[in-house]
Amino acid sequence: MQRCCGKITSHLWLSSTLSFLTLCFAPVMLHPQCLDFKPPFRPQKELEFCIMYKEFGCCDYQKDQELMSKYYQIMDNFDYSGYASCAGFVFDLLCQECSPYAAHLFDAEDPNTPVRTIPGLCSEYCFQFWNKCSFTIPFLSGDPYIANFRENQTSLCHYLELQDKDYCYPYLLNNQQLTQNLGGIQVNSDGCLQLCLEEVANGLRNPLAMVHANDGTHRFFVAEQVGLVWTYLPDRSKLERPFLNITQAVLTSSWEGDERGFLGLAFHPKYKYNGKLYVYYSVEVGFDERIRISEFHVSANDMNEVDHTSERVILEIDEPASNHNGGQLLFADDGYLYIFTGDGGMAGDPFGKYGNAQNRSALLGKVLRIDVDDNQRGPLYRIPPDNPFIHEQGARPEVYAYGVRNMWRCSVDRGEPWTKDGKGRIFCGDVGQNKFEEIDIIEKGRNYGWRAKEGFSCYDKKLCANSSLDDVLPVYAYPHRMGKSVTGGYVYRGCEYPNLNGIYIFGDFMSGRLMSLQEDKKTGNWKYNEICMGMGLTCAFPGLINNYHQYIISFAEDESGELYFMSTAIPSATSPSGVVYKVIDPSRRAPPRQCHYDPLPVRIKSNLIKFVPQETLVGIDLPNENFEPQSTESYQWHQELSDHRGEIGASLITPVPATGTSKPTKNSRRKGRRRKNKSKLESAPHIQKGAVRLVGDARSDRGRVEIYINGEWGTVCDDLWTLVNARVVCRQLGFQHALKAAKNSEFGEGKDLRILLDDVQCVGTESSLLDCRHAGVGTHNCAHYEDAGVICGNSSYVAEV
């Protein structure tokens, strides 16, 4: 690089052609981070000084100008000879504050440790710097330790060097593994997007909706299945009094999987002016169960509380069964209220000749659209004049689209921020029957196929063959080996994470998978990528976590368009294990100040409950004092830690027979220990019913779970496999912690064994998996590619080995 008259030279790193692809392959241990403990960014205004980082780094134009000013202040202290010898060194050292790896170079990844004043240097570079320019050190740093070492080259460079030669300056400039594809979403070798989370709220009972009022206050409102809605302020504190409480009217229960309850909430687009909101909930009227759509007004005396006397029932629909209740309410860009109903329940939509979903004279299995404006007098709602079946004899005029089974969570695309491409599209997840889950884009008057079709395949073959079906196919469908209950999400259109723009993010309630779709603008096809939590150092930013509870209930946007989801550890309306998570891209953020907003003031009449995070980052802690390595370069602390855990686990493991279903990986130290355990175990006189063992990995703290029942060993399916279940196994094996509930046969398939347990649901206090709820011994609806596993430990971290 050259600047001005050529007096400054430095290494080239990022070319002007750096491509900001949305998806880029990168090692999972990469950890770009700035000195403010946040991801790097692409400057809005091009840098003029540290131009090697003009495409991607940690400096905006303002910071770049500050560094330029500091540079000239330092260089004004030297004559021409000093300038000629040291200008490049001073420039290099100052500009490393702009490096995407600035936090590592300045030893700032831990906010509790002092930040370096000079970046970490490779030893050869440090020797050159000291030989030519040691006299510049007082101008670069006020660190007293550096001042003491200034006259001693060896001591100074030892103090300044970084042991990790991948990261020390300037070696990292030439490390292609670190520098290629910087700024793109990190993707592992399986094509899984590596994202992180931020905990936003906790202690909620099946939180199934989070909405904002679009009134400039940036409050968000979280609804619980029992019929409570809570107000949260932008600082994430919660108001002690609920915004809405209709628990006395809502029909639900404490049993896991009950689909009835408070199901949907939507604020009127002009809520700021009219104070109107709408709710969707289950009720019992006499002996009948119904879904009810009601209108409420906010209290005239408290902006954080609904006037409960203002309820007006807009619509009620009889529910022939207790499941498939739908539950989504939303206002689309046309200003109308959309209501998404289920097909009435049971299985296969058995109601009438063709089912409710294909019957346009029924309100079940539909997308309804109504006009609730100007309804203070006269009818509570009107029919939009362009509703598609308004003139069809026998059809309900409210019907906007039909042929849906049980759409669970829909959203309106805000559109690409600059071009508004995609704006107004309505995305929905439609829960399947036996084989497929699907994602649909809702269009006026269209038939979405159910019960003729499930996903892309035929369900009712006779109806499927009907030439008049004229159904629209999903944009994406996935089989039940990936998940059995889709939870629709959102197209990300927020400001904070530019790489996510245009990606539709959704999940599955049963499997706990997070998934994404991205449209190919040329072909119109949608590309699928699974979303994984970033491991290694990927999520090592203050406040971020890389794990979540399995049961993904719903997704949400806040007022500024950032993306969230809600999940719970126990899917019961009375279990306070629900958490709200914000989705974070650790690879790139928006430039500082670009996403700033000033919330309107909120008048508070209730006590505030300060938010206290409960979730923690897993998988990156270094070993504790019991495993401190000796100061030798060849020492492998992670291997010693793994071995130490193996010894602990081996002494406490539940007795297992001499034979196993898979061979351990080749490792001389492991191999010897396994033989030792084996000889001991052969003499075990009796194997207790419910005993467990871990196989499929040489390390004894992890593996596929196999259980001994009625004289045989068998595997466990991962349909409902959670960390709570894993804790029961790990505790049974003598470990203190369960670090991971492994799924999808991560430790191999136990094909030689029967599947003995499926749908296991533990509370966490049981002594074995047999004491937990399950489908019954030998009863299952799964295959060996869903064999469950665990990673256990005696410390609450995972050693990456």
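In this predicted model, K366 has a bridge partner in β18, and that partner is Y402. The strand-to-strand link behind this pair is β17, residues 366-370, joined to β18 by three bridges. The two strands run antiparallel.

β17 and β18 belong to an open sheet of four strands. The order is β15-β16-β17-β18, and the pairing is antiparallel. At the edges are β15 (328-331) and β18 (399-402), each of which pairs on one side only. Ignoring direction, neighbouring strands of this sheet are turned by 20° against each other on average. In general, the strands of a sheet pair through backbone hydrogen bonds, in parallel or antiparallel fashion.

Move on along the chain to another open sheet. Here four strands follow the order β19-β20-β21-β24, again with antiparallel pairing. The edges are β19 (407-412) and β24 (476-479). Each has a single partner strand, so one side of each is left without a neighbour in the sheet. From one strand to the next, the twist averages 15°.

Inside this sheet, look at β20, residues 426-430. Five bridges join β20 to β21, and the two run antiparallel. One position to pick out is F427, which stands opposite I441 in β21.

The edge strand β19 holds C410. Is C410 buried or exposed? Its relative accessibility is 4%. Buried means under 20%, so C410 counts as buried. A residue distant in sequence can be traced from here. F340 is 70 residues from C410 along the chain, yet the C-alpha atoms of the two are separated by 8.5 Å.

Now turn to the empty space. How many cavities of 30 Å³ or more does a search of the whole structure find? It finds five. The largest cavity contains about 70 Å³ of space. Its lining draws on two strands that each supply at least two residues: β21 (436-442) and β22 (453-454). This brings back β21, the strand that β20 joins through five bridges.

The lining residues can be named one by one. They are G403, R405, D430, V431, G432, F436, E438, Y448, W450, K453, E454 and G455. By class, the lining has five charged, four nonpolar and three polar residues.

Helix α7 gives a different kind of picture. It spans residues 153-160, and its buried residues are L156, C157 and L160. Why do these lie on the same side of α7? They cover an arc of only 90° around the axis, which puts them together on that side. An α-helix has 3.6 residues a turn, so residues three or four places apart point the same way. On the other side of α7, T154 and H158 are exposed.

The last stop is strand β34, residues 692-695, where V692 has its place. V692 is buried, with a relative accessible area of 0%. T715 lies 23 residues from V692 along the chain, and the C-alpha atoms of the two are separated by 9.6 Å.

Note on methods
Residues are numbered from 1 along each chain as its sequence is written. This is a predicted model: local features need pLDDT of at least 70, side-chain atom pairs count only at pLDDT 80 or more; totals for chains, interfaces and linings use all residues. Side-chain values use heavy atoms; hydrogens and water are left out. On a 1 Å grid over the protein atoms alone, a cavity is a set of points where a 1.4 Å probe fits but cannot get out, and a pocket is an open set with protein on both sides within 12 Å along at least five of seven lines; lining residues have an atom within 4 Å of a point. Grid points are joined across faces, edges and corners, and a volume is the space filled by probe spheres set on the points. Ala, Val, Leu, Ile, Met, Phe, Trp, Tyr, Cys and Pro count as nonpolar, Asp, Glu, Lys and Arg as charged, and the others, Gly among them, as polar. Two strands pair if DSSP finds at least two bridges between them. Axes are lines fitted to C-alpha atoms, for helices over the stretch in contact, and angles run from 0 to 180 degrees between N-to-C directions. Buried means under 20% relative accessible area, exposed over 50%, partly exposed in between (1.4 Å probe, protein chains only). The arc is that of the directions from the helix axis to the C-beta atoms.
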